[in-house]
Structures are given as structure tokens and as C-alpha cells.
There are 2 protein chains.
Amino acid sequence: MIDLAHATHAVHAAALEQELLSDIPLTRAMALKATGYDGDSLTLSAPLGPNVNDKGCAFGGSLASLMTLAGWGVIKLATDARALDCDIYVQDSSVRYLAPVWEDFSATARLADGESFEAFFAALAARGKGRLRVHVTVPLADGVPAATLDARFVALAKR
Amino acid sequence: MIDLAHATHAVHAAALEQELLSDIPLTRAMALKATGYDGDSLTLSAPLGPNVNDKGCAFGGSLASLMTLAGWGVIKLATDARALDCDIYVQDSSVRYLAPVWEDFSATARLADGESFEAFFAALAARGKGRLRVHVTVPLADGVPAATLDARFVALAKR
């Protein structure tokens, strides 16, 4: 049996990856890939090589960028799935760098506790503007987070 | 009369730029430049072109990266000036994106209110570890900040 939802999610994540690589030059420099999407959480990945810092571990700016893009992307995929045409902006973010990252890394984004796409879509439909908070982590190989990002995004419907 | 302090600062900022471009590949992709240093504040700049997002304005990850590097750099230049050999890590940061940036941009970092290099150098000498908070802004052409970053850094003396 074909898992249609799974296949659809993979197609959408691949399209998002192409969109990011096409529209945001820095994602090409980072060698970003979309490596996981299940409808609720999105994982973006990057190799260490192009993303190192002076110490040879992952550059904080690369970690912050990948986490910000994962947060942006999990909202973008949800609006795309509803064929909603809107611009999504990050408003603020808080990043914790907990451990140096000496390997290829990935960032997994999901909605923050208490947030729901339903309330967001309702606000977007009613007022042309919706807000969402996301939580993103960069796990080490053992699952312990090396970095986390909590961010607020706003989506503005295109008229 | 030659302003020796000014000339020395310019040499140090140029050396920092070369170090960043050499050690951190993403700074090359961003086309980062060190454009101002007076001993207290450091300004790093980047052209919009390689740093755009899907909307054609500055990518949040580029803004966060430039601000993080400016904060890191203002501490690095102070430790270099004292010939202190240490690794400097960002621990956490809080970023506010206040307005879209449609032009080439720069980030100016200085110590946060209440912070001093003297206390930092004393801690580094006594315990091999020092912490500093920095405040960074990306001003628009009219001086109003388009983005701000508040971050904590830790420096670890190399033994």
C-alpha cells in the first residue's frame, strides 16, 4: 500500500528545499537539504564543511540560520498545503548554544507548546495576518540538543 | 599628525576581517567586510545581493550571522590587543527583527550596558574564563534599528 500522506509530505519538503536554494543564496553556501517532514515537524540539514567556524566546529550563524529556516519552513509548508499565498517573516528569536557541534547537523522545527495551526489559519483568514511560535532544536548524535531556537513568526496574506 | 590609535584600530579590524574570511566559509558567501572599529565598537558590513531572502530583502540568517560575528569580533579584538590567546564562544542570543532591510547593511557591536572589559580581563586572568554581554544593532539609513541582537559570550583561555 502506498502511504499517500507520507509521499505527499516528501514531495512538499523537496519543493521547499528547491525554493530555499533558489531564492536564498546563503542556503546554497550552506549546502542546505530538507531531510524530514511529517506534516508537524520539519528537519533541515547541513554538512559541517561549509559551515565551520574558526574553531572547526559549526558556526553559530549557520546554526541560527538553519534553525530560523526550519521554523520558517514548517509554517510555509502548512500554508502551502492550504494554497494560502502569504509572506512569512521572523519577528524575534532566542537561541541557546549548548554544546559545540563537530559533525554534520540538522535542525528540527515544530510549533511551540500551546500553538496551533487552526488558530493561525483562522487569524490569517479573518485579518490577513497570523502569528505562530516555533521551537527548533539541533540534536547531537545522542539526541541531546546542541542548540535550540524559540522564535515568533508572522504571516501576511498577499492581497 | 598621525592618529596612531586610529591607524592601529584600522589595522586590527582589517586583520580580523581576513581571519573571518579565511576561517569561516559562510563569511565569504556573505561578502563580509569590517568597516569600522574605534576600540569600543566594531562595525561589520555586507552587501544585500548575496544575503537576500525569498522576499528580496535581507535574510534573517544573514542579519543574525553578521550581528553574532560583530559581537564576537568586538571581544576578539580586545583580547588580541592584549595578546590573550583564547577561544570565544557565543552562549545565547536574542534577536529582534524590527523592519525589513532592502539595502546593503551593517552591524555595530559594543558591550552591553554595565559590562566592562576590565572585569572580563580580570576573570580571564584569574580563572581562565571570562563572560561578556554585547549589544548589536543593524541601523537603517536613517539610523533607526532594523534588527538588534543581545548576546552572551564566553572566552576560554588556551592553556
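1. In this predicted model, strand β3 of chain A (86-97) and strand β3 of chain B (residues 86-97) pair in the antiparallel sense over 5 bridges. Strands are DSSP runs of E of at least two residues, helices runs of H or I of at least four, both numbered from the N terminus; two strands count as paired if DSSP finds at least two bridges between them. Within this pairing, A:Ser94 stands opposite B:Ser94 in β3(B).

2. A turn of 180° with a shift of 0.0 Å along the axis lays chain A on chain B with an RMSD of 0.0 Å. This is the relation of a two-fold axis. The superposition is by least squares on the C-alpha atoms of residues with pLDDT of at least 70 in both copies. A:Ser94 is the residue of chain A that comes closest to the rotation axis, at 2.2 Å (C-alpha).

3. Chain A and chain B each put 30 residues into the contact, where two residues touch if their C-beta atoms, placed from the backbone, lie within 7 Å. On the side of chain A that touches chain B, the elements giving two or more residues are α2 (25-30), α3 (60-81) and β3 (86-97). β3(A) gives the most, with 10 residues.

4. Of the interface residues of chain A, 100% are also interface residues in chain B, so the copies meet through the same surface.

5. On numbering and confidence: residues are numbered from 1 along each chain as its sequence is written, and chains are lettered from A and ligands numbered from 1 in the order in which they are written. Local features need pLDDT of at least 70 and side-chain atom pairs count only at pLDDT 80 or more, while totals for chains, interfaces and linings use all residues.
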